[in-house]
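Biologist: I've got a fold on my screen and a coffee in my hand. Can you walk me through it?

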Amino acid sequence: QVQLVESGGGLVQAGESLTLSCTATGTTFRINGMGWYRQVPGKEREMVARITDAGTTNYAHSVRGRFTIARDSAKNTVLLQMNNLKPDDTAVYYCCALPYWGTWGQGTQVSVSS
C-alpha cells in the first residue's frame, strides 16, 4: 500500500498560479503512474491530469494549456503547476498513484476568486 500527502493549495485570484505537490510513501516501487483529480461538493471526482512512468501525460480538456503535471520518480513526488487559474478550478485536489487506484490523500483545497 501507499500513503499520499498533498500540499500547496490556497486562495488565489483569477489569473494567478499555484503549484500542488504530492508525495507517496510506502510500497512505492510498484507505482507506474500518478495523477491529480479534483472534487467539488455535490459532484463526482474528476480527472485533472495524469502521467505515466514513461512520461506520457493526459489532461482534462478544461485545464489543457494551463496546467502541467510533472513527476519526480526518485522522490515519489508528483507536481501540478496551475497557471491562469479560474473560479471554476475551485475544488479539493487529490492525487492518486497507480496501481493503487482508490487510495487518496487528504486533499488540498484550491479556491480561486473572481
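What follows is a short chat about the strands, the core and the cysteines of this predicted model.

Biologist: Let's start with the open sheet: in what order do its 6 strands lie?

Modeller: The pairing in this sheet is mixed. Strand 2 (10-13) and strand 6 (57-59) sit at the edges, each pairing on one side only. On average, neighbouring strands are turned by 20° against each other, direction ignored. Reading across, the order is 2-10-9-4-5-6.

Biologist: Strand 4 has strand 5 and strand 9 beside it in that order. How many bridges join strand 4 to strand 9?

Modeller: Take the strand 5 side to begin with: 6 bridges join strand 4 to strand 5, and the two run antiparallel. Strand 4 and strand 9 are antiparallel as well, and one of their bridges matches Gln39 with Val92. The number joining strand 4 to strand 9 is 7.

Biologist: Which residue of strand 5 is the bridge partner of Trp36?

Modeller: Strand 4 and strand 5 form a hairpin with 6 residues between them, and Gly42 in the turn has a positive phi of about 85°. Strand 5 also pairs with strand 6, through 3 antiparallel bridges. The residue that bridges to Tyr59 in strand 6 is also the partner of Trp36: Ala49.

Biologist: On to the inside. Which residues have the most contacts within the largest nonpolar core?

Modeller: That core has 29 residues. Several strands each supply at least two of them, including strand 4 (33-39), strand 8 (77-82) and strand 9 (91-98). Strand 4 is mostly covered, with 6 of its 7 residues buried. Leaving aside neighbours within four places in sequence, Tyr93 touches Trp36, Leu80 and Met82, among others. The ones with the most contacts inside the core are Trp36, Leu80, Met82 and Tyr93.

Biologist: Now the cysteines: which residue does Cys22 join in a disulfide?

Modeller: Cys22 is in strand 3 and its partner is in strand 9, 73 residues apart. Cys22 is buried because its relative accessibility is 0%, and the sulfurs of the pair lie 1.8 Å from each other. The partner, also at 0% relative accessible area and therefore buried, is Cys95.

Biologist: Then why is the sulfur of Cys96 too far for a bond with the closest cysteine sulfur?

Modeller: Cys96 counts as buried, because its relative accessibility is 4%. A disulfide needs the sulfur atoms within 2.5 Å. The closest cysteine sulfur to that of Cys96 belongs to Cys95, and it is too far for a bond because the distance is 6.9 Å.

Terms used: Residues numbered from 1 in each chain as written. Predicted model: local features only at pLDDT ≥ 70, side-chain atom pairs only at ≥ 80, totals over all residues. Heavy atoms only, no water. Pairing = 2+ DSSP bridges. Helix = DSSP H or I, 4+ residues; strand = E, 2+ residues; numbered from the N terminus. Axes fitted to C-alpha atoms, helices over the stretch in contact; angles between N-to-C directions. Core = buried A, V, L, I, M, F, W, Y, C linked by side-chain atoms within 4.5 Å. Buried < 20%, exposed > 50% of the residue type's maximum accessible area, 1.4 Å probe, protein only. Contact = heavy atoms within 4.5 Å.
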